[in-house]
Amino acid sequence: MGMDIWLPAMWALGAAALCLTAYRFLVMGRQGKEYRQYETGACATIGSREVQEDAYGTVEGQGGIMAVLADGMGSSYGGRIASRTAVEVFGDMFRDDNAFYNPQYYFRRAFHAANRSILERLGGERGAASVAAVMVKCRKLYYASVGNVKVAVYRNGELVPVTSGHTVSVLARKKYMEGKLTRQAAVSLLEQHRTYNYVGQDGFHDIEFFDVPITLYGGEYVTLLSGGMYEAVSWREIEECLAKRGSCAEKALELTELVNGRISEDVDNASIVILRVG
């Protein structure tokens, strides 16, 4: 069982050179007499920021695979430290084969351990991260998230988000539906995409879990997208890219190049992890 952590290594001044190399590998695992196949690809760009604050990685185990993406935020290098810490904690946690038999329990442990580790490493400095993680085993998708990293599944020509996220606009919509917020107040908050829940804070609490695992039939793409990715590239463009022939690595690179082609004075770090289930 192994862990691949793909972290920003180097970049050039030109926008087209900001995209990191995408990695691709196959993971083969036995489930009784069945033979499972997975393919992954990932890519990231620094955008117009000075520091790359995204990090991501995978763990293989017991015929399944776990992928995690962290979108850091904070002052100086706080966001970078927070995202890398979160990915490292998830890697350590899911190297335990028991994690693949009890995903919700281990997701919860990993999020809380990541929160503690970030607070300890930063020692009062500002730094936090939105984090989403997925696990695929026996063609079942398990997921959990905190913050604004999205998890979505592409099949039958449609990319369907499976996480809502912890932004002010999502919270406002929820409170309005519960009758705890007036329509006028909710509308005034719908354009606010500020993240209110993340790892790296004393008040960390909610984790968005799967209710029941999603059944995969083969050929689907499971995607993890940072805020910078889905804010710079439209949902339709992501669907069109996933519909094309090509490896997960090629698709991740193509979408990141779209972000690089739209570099302006305010383009965030953008990253994507794509996992295809055979």
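Biologist: At what angle do the axes of helix α1 (residues 78-94) and helix α2 (residues 103-122) cross, and within what distance do they come?
Modeller: In this predicted model, the axes of α1 and α2 cross at roughly 140° and come within 8 Å.

Biologist: Why are α1 and α2 called oblique to each other?
Modeller: The label roughly antiparallel needs an angle over 145 degrees, and roughly perpendicular needs 65 to 115. The angle here is roughly 140°. That value falls among the rest, so α1 and α2 are oblique to each other. The crossing is right-handed.

Biologist: Which residues make the contact between α1 and α2?
Modeller: From α1 they include I81, T85, V89, F90 and M93, and from α2 they include F107, A110, A114, S117, R121 and L122. Sorted by class, this contact has 15 nonpolar, three polar and three charged residues.

Biologist: What makes I81 partly exposed?
Modeller: I81, in helix α1, has a relative accessible area of 36%. Buried means under 20% and exposed means over 50%. A value of 36% meets neither condition, so I81 is partly exposed.

Biologist: Which residues is I81 in contact with, leaving aside neighbours within four places in sequence?
Modeller: I81 is in contact with R121 and L122. R121 is 40 residues from I81 along the chain, and the C-alpha atoms of I81 and R121 are separated by 8.0 Å.

Biologist: How do you know which label fits helix α6 (residues 235-243) and helix α7 (residues 248-260)?
Modeller: α6 and α7 pack at an angle of about 150°, with their axes 10 Å apart. Because the cut-off for roughly antiparallel is over 145 degrees, α6 and α7 are roughly antiparallel to each other. α6 passes α7 in a right-handed crossing.

Biologist: Which residues of α6 and α7 make that contact?
Modeller: E237, I238, C241 and L242 of α6 meet K251, E254, L255 and L258 of α7. By class there are five nonpolar, no polar and three charged residues.

Biologist: Why does T45 count as buried or exposed?
Modeller: T45 belongs to strand β3 (residues 34-45). Its relative accessibility is 0%, and the limit for buried is under 20%, so T45 counts as buried.

Biologist: What makes the pair of T45 and N260 a polar contact?
Modeller: The limit for such a pair of N or O atoms is within 3.5 Å. The side chains of T45 and N260 are paired at 2.6 Å, so the distance condition is met. The T45 side chain also reaches the backbone nitrogen of G47, at 3.2 Å.

Biologist: What is unusual about phi in R139 and N156?
Modeller: Most residues other than glycine have a negative phi. R139 is not a glycine, yet has a positive phi of about 55°. Phi of N156 is near 55°, also positive in a residue other than glycine.

Biologist: Where are R139 and N156 found?
Modeller: R139 is in the loop between β6 (128-137) and β7 (140-146). N156 is in the loop between β8 (150-155) and β9 (158-161).

Biologist: How do you know whether R139 and N156 count as buried, partly exposed or exposed?
Modeller: R139 has 25% relative accessibility, which lies between the 20% and 50% limits, so R139 counts as partly exposed. N156 has 81%, over the 50% limit, and therefore counts as exposed.

Biologist: How many helices and strands does the chain have?
Modeller: The chain has seven helices and 13 strands. Of its 278 residues, 53% are buried.

Key. Residues numbered from 1 in each chain as written. Predicted model: local features only at pLDDT ≥ 70, side-chain atom pairs only at ≥ 80, totals over all residues. Heavy atoms only, no water. Axes fitted to C-alpha atoms, helices over the stretch in contact; angles between N-to-C directions. Helix = DSSP H or I, 4+ residues; strand = E, 2+ residues; numbered from the N terminus. Parallel < 35°, antiparallel > 145°, perpendicular 65-115°, else oblique. Left-handed = near helix turned anticlockwise from the far one by under 90°. Contact = heavy atoms within 4.5 Å. Nonpolar A, V, L, I, M, F, W, Y, C, P; charged D, E, K, R; others polar. Buried < 20%, exposed > 50% of the residue type's maximum accessible area, 1.4 Å probe, protein only. Polar contact = N/O pair within 3.5 Å; in protein donor to acceptor, adjacent residues only side chain to side chain.
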